[in-house]
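Morning, everyone. I have one structure to go through, and I will keep to what the coordinates support. Here it is.

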Amino acid sequence: MRAAALIIPLLLLLAACKDEPDFDTRYDKAAKEIDARAKAMDADIAEAEKAAAAASDLPDTAPPSTAAASSGE
């Protein structure tokens with residue numbers, strides 16, 4: 001009975017322990033995440049540049065008025 005009380009928790013601990021991924025697996029996962037983020041950033045930048053180019057087609061300021069010059073009085 002006493003031996004079973006010690007063995008059962010040890011077996012549960014062993015079953016709960018999982019092998020951690022090795023360096024190569026973690027590296028590959030991180031590289032894929034970085035690549036996905038970089039592609040998303042590139043898409044955002046391209047969209048912002050496209051919007052800026054479309055906005056630059058519009059005149060920035062109103063044309064100058066053609067009011068008569070002041071006489072200085």
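One definition before the residues: a residue is called exposed when its relative accessible area is over 50%, buried when that value is under 20%, and partly exposed in between. Keep in mind that this is a predicted model.

By those cut-offs, Lys39 is exposed, at a relative accessible area of 55%. Asp35 has 40%, so Asp35 falls in the partly exposed class.

I take these two together because the side chains of Lys39 and Asp35 meet in a salt bridge, with 3.6 Å from N to O. In general, side chains of opposite charge can pair when their charged atoms come close. Why are these two placed to meet? Both sit in helix α2, residues 23-56, and they are 4 residues apart, which means a separation of about one helical turn. The structure holds 1 salt bridge, so this pair accounts for it.

Now the other helix. Helix α1 covers residues 2-16, and Leu6 lies in it. Is Leu6 buried or exposed? Leu6 counts as exposed, with 57% relative accessibility. Leu6 is also part of a nonpolar patch on the surface, formed with Ile7, Leu11 and Leu14. Together the four have about 430 Å² of accessible area.

Last, the chain as a whole. There are 2 helices and 0 strands. Of the 73 residues, buried ones make up 0%. The accessible surface comes to about 7300 Å², and carbon and sulfur atoms hold 63% of that surface.

To recap: a salt bridge between Lys39 and Asp35, and a nonpolar surface patch that includes Leu6. That is what I have.

Conventions: Residues numbered from 1 in each chain as written. Predicted model: local features only at pLDDT ≥ 70, side-chain atom pairs only at ≥ 80, totals over all residues. Heavy atoms only, no water. Buried < 20%, exposed > 50% of the residue type's maximum accessible area, 1.4 Å probe, protein only. Areas by Shrake-Rupley, 256 points an atom, 1.4 Å probe, with all protein chains shown as cover. Patch = residues over 30% accessible without salt bridge, like charges linked within 9 Å, V, L, I, M, F, W, Y side chains within 5 Å.
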